[in-house]
Amino acid sequence: MKGCSRRWKQLKSSKACSCSLQSLSRGDKQFIMAQQPILSLPEFHNVSTGSLVVKEALNFWGGARVQPKDTKNAEPVYEPATGRVLCDMIPCGEVEVDEAIKSAHSAYLKWSKLSGLERARIMLEAARIIRERRDGIARLEVINNGKSITEAEVDIDVAWQCIEYYAGIAPTLAGQHIQLPGGSFAYTRREPLGVCVGIGAWNYPFQIAAWKSAPAFACGNAMVFKPSPMTPLTAVILAEIYKEAGVPDGLFNVVQGGAETGTLLCHHPMVAKVSFTGSVPTGKKVMEMSAKSVKQVTLELGGKSPLIIFKDCELENAIKGALMANFLTQGEVCCNGTRVFVQREIMKPFVEEVVKRTKAIVIGDPLLEGTRMGALISKPHMEKVLGFISQAQQQGAKVLCGGELYVPSDPKLKGGYYVSPCVLDNCRDDMTCVKEEIFGPVMSILPFDTEEEVLQRANNTTFGLASGVFTRDIARAHRVAENLQAGTCFINNYNVSPVEVPFGGYKMSGFGRENGVVTIEYYSQLKTVVVEMGDVESLF
C-alpha cells in the first residue's frame with residue numbers, strides 16, 4: 001500500500017506541473033486559449049526568404065506571450081539575407097523584468113519539488129516536440145540569423161539532443177553518505193540554485209537557449225532567458241514548446257532587450273546565477289554587475305583559436321578541418337580556428353587546395369539546400385568584417401581569395417549582408433587580423449617550422465577557447481593538446497561539439513562549462529548535513 005500511495009503522490013505532483021487551465025481565472029483562460037503557438041500560425045508555415053513579417057509579441061512569461069508595456073524604445077530587427085525589417089525588438093523595462101523573474105520564482109518552487117524522474121519525463125517530451133518540428137524551427141532560425149538551412153537543421157538537432165541528454169541525467173542527481181566515528185554520519189544534498197538568467201548570442205539563438213535551460217531544469221532551477229536583440233524570434237518558440245511539454249508556467253521565460261535589460265537581470269536580487277554567451281567586454285560587465293550581489297556566473301566569451309597543421313598530417317582531412325574551422329555560420333563562431341599554423345614543408349599544397357575549395361563555396365539564399373554560406377548578422381557587422389580585411393591588407397597581408405562584398409543574383413537578396421569567404425596569406429603574429437576576433441569568414445594562414453615554436457606562438461594570446469592539431473603522430477598529438485592553453489583541443493578534426501562533452505574557455509575566453517555532466521556543478525549547490533548519533537561533547 002505504501003508503494004501505491006507514493007505512486008499516487010507522484011502522479012498528482014506531475015499533474016500539478018502540467019499546463020492545464022483548471023487553476024486559472026476565466027479571464028486568464030480566455031487570454032491564453034486565444035494565443036496560438038507561433039509555429040502554428042499560418043504566416044509561419046513553410047516560410048521563405050523575404051516573406052515573413054513578425055507582429056506577435058516575443059516576450060514570454062507566466063505561460064504566455066506578453067505584449068510590451070512601452071513601445072517607445074523599439075528597434076528594428078533586420079532579416080540578414082535580405083536587409084528588410086523582420087520585426088521590432090521592444091526591450092523590457094524594470095517592471096517587466098521583475099514580473100518575469102517573479103513568475104520564474106513561482107515556477108521554481110513547484111519544479112524543484114519534483115523528483116528527477118518527473119522532471120526528466122517533461123524534458124523528454126520537450127525534446128520530442130522539437131525533434132518533430134525541427135524543419136519549421138530551422139527555417140525560422142535561418143530567417144532570424146542568416147546561416148544556411150543545412151547548418152540550422154543541425155543546430156536544432158543539437159538543441160533537442162541537449163535537452164534529452166540532461167533529461168537522462170536528472171534522475172541520477174544524488175548526494176554522498178560519509179560515515180563518521182561513533183555511528184554518526186554526514187550526507188550531502190545536491191540542491192538547485194533558484195532563478196537562473198541566461199543571456200544568449202545571435203550566432204546560435206535556439207541552440208544556446210537549450211544549452212542553458214536544459215542543465216538548469218535538470219537540477220530543478222527556473223530560467224529567465226534574454227536573447228540577443230538581433231535575433232529575438234526563436235527563443236519564444238522554445239518557451240512555447242516547454243509549456244506544451246508540461247513545465248510549470250514561468251519555468252522558462254523570455255525577455256527581449258539589449259544592454260539595459262541585461263543590466264536589470266544581473267542586478268535583480270531574486271536571481272541566483274547568470275550564464276552569459278557573448279563578447280569579452282560585455283562578459284566583464286556581466287561579471288562585475290553579478291559580483292555586487294555575489295551571483296554565480298558562467299561566461300562563454302570570444303576566441304582567436306589556433307589550428308596547427310603538421311607536415312605528417314593526412315592533408316585531405318587537414319584541409320577539410322581548416323574549412324570547417326573557419327567558415328561555419330559565415331565565420332561567426334566563437335571557437336573557430338582562425339589562426340591556421342601550417343608547417344612550412346606543406347604550405348604550398350595546403351594553401352592551393354584551401355583557396356580552390358574556398359572559391360567554390362556557394363553563397364546565397366540561406367534557405368536553399370545547395371547554399372553553404374548565408375548572410376552575416378547585420379550591416380554594421382558586415383562593414384566591421386570588411387574593415388578587418390582592409391586593415392590586414394594595409395598591414396601587409398595578401399588576400400588570396402574573397403574578402404569582398406558579395407551581391408547575389410537573386411533581386412530579393414541584393415540588400416543582404418554577404419561577404420565572400422576570405423583566405424589571408426603573408427600574415428604575421430603582430431597583425432590585427434591575427435590578434436583580434438573578426439567573427440567573419442576570414443582565415444589567416446601562418447607558416448611555422450618546429451613544434452616548440454608553434455606552441456609558443458599559438459599560446460601567445462589573451463584568448464583560450466579552443467584549439468586544434470592535425471598530425472599522424474599520436475604522441476605529438478597528445479603532447480600538443482596538453483600544452484595548448486585552451487578549454488578544448490580537437491585532434492584531427494575541428495568544431496565537433498557533442499552535447500556529452502564540456503565546452504568552455506581558459507583565460508579571457510571565460511570560465512564555467514556548458515554541456516557534459518560537469519555542467520551540473522554550475523547549476524546546483526551542495527549542502528552538507530551532519531548527523532550526531534550520540535551525546536554532544538562540549539568544552540563548556
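Buried means under 20% relative accessible area, exposed over 50%, and partly exposed in between (1.4 Å probe, protein chains only). The model shown is predicted, so local features need pLDDT of at least 70 and side-chain atom pairs count only at pLDDT 80 or more, while totals for chains, interfaces and linings use all residues. Residues are numbered from 1 along each chain as its sequence is written, and side-chain values use heavy atoms, with hydrogens and water left out.

**Figure 1. The two sides of helix H12 (residues 347-359).** Helices (H or I, at least four residues) and strands (E, at least two) are DSSP runs, numbered from the N terminus. The 13 residues of H12 reach 18 Å from the first C-alpha to the last, close to the 18 Å expected at 1.5 Å a residue; the expected span is 1.5 Å times one less than the number of residues. Met 347, Phe 350, Val 351, Val 354, Val 355 and Thr 358 are the buried residues of H12. They lie on the same side of H12 because they cover an arc of only 120° around the axis, the arc being that of the directions from the helix axis to the C-beta atoms. On the other side of H12, Lys 348 and Lys 356 are exposed. The cover over the buried residues includes helix H11 (315-327) and strand S13 (339-343), where contact means heavy atoms within 4.5 Å.

**Figure 2. A salt bridge within helix H3 (residues 94-111).** Side chains of opposite charge can pair when their charged atoms come close. A salt bridge is a side-chain nitrogen of Lys or Arg within 4 Å of a carboxyl oxygen of Asp or Glu, and by this rule the count comes to 30. Lys 102 and Asp 98 form one such bridge (3.0 Å, N to O). Both residues lie in H3, four residues apart, about one turn of the helix. Lys 102 is partly exposed at 46% relative accessible area, and Asp 98 is partly exposed at 24%.

**Figure 3. A salt bridge between strands S20 and S6.** The side chains of Lys 527 and Glu 191 meet at 3.3 Å, N to O. Lys 527 lies in strand S20 (residues 524-531) and Glu 191 in strand S6 (residues 185-192), so the pair ties together parts that are 336 residues apart in sequence. Lys 527 is partly exposed at 39% relative accessibility, whereas Glu 191 is buried, with a relative accessible area of 16%.

**Figure 4. A salt-bridge network that includes Arg 479 and Glu 451.** The closest N and O atoms of Arg 479 and Glu 451 are 2.7 Å apart. This pair links distant parts of the chain, with Arg 479 in helix H16 (residues 474-483) and Glu 451 in helix H15 (residues 451-458), 28 residues apart. Asp 312 and Arg 476 also belong to the network.
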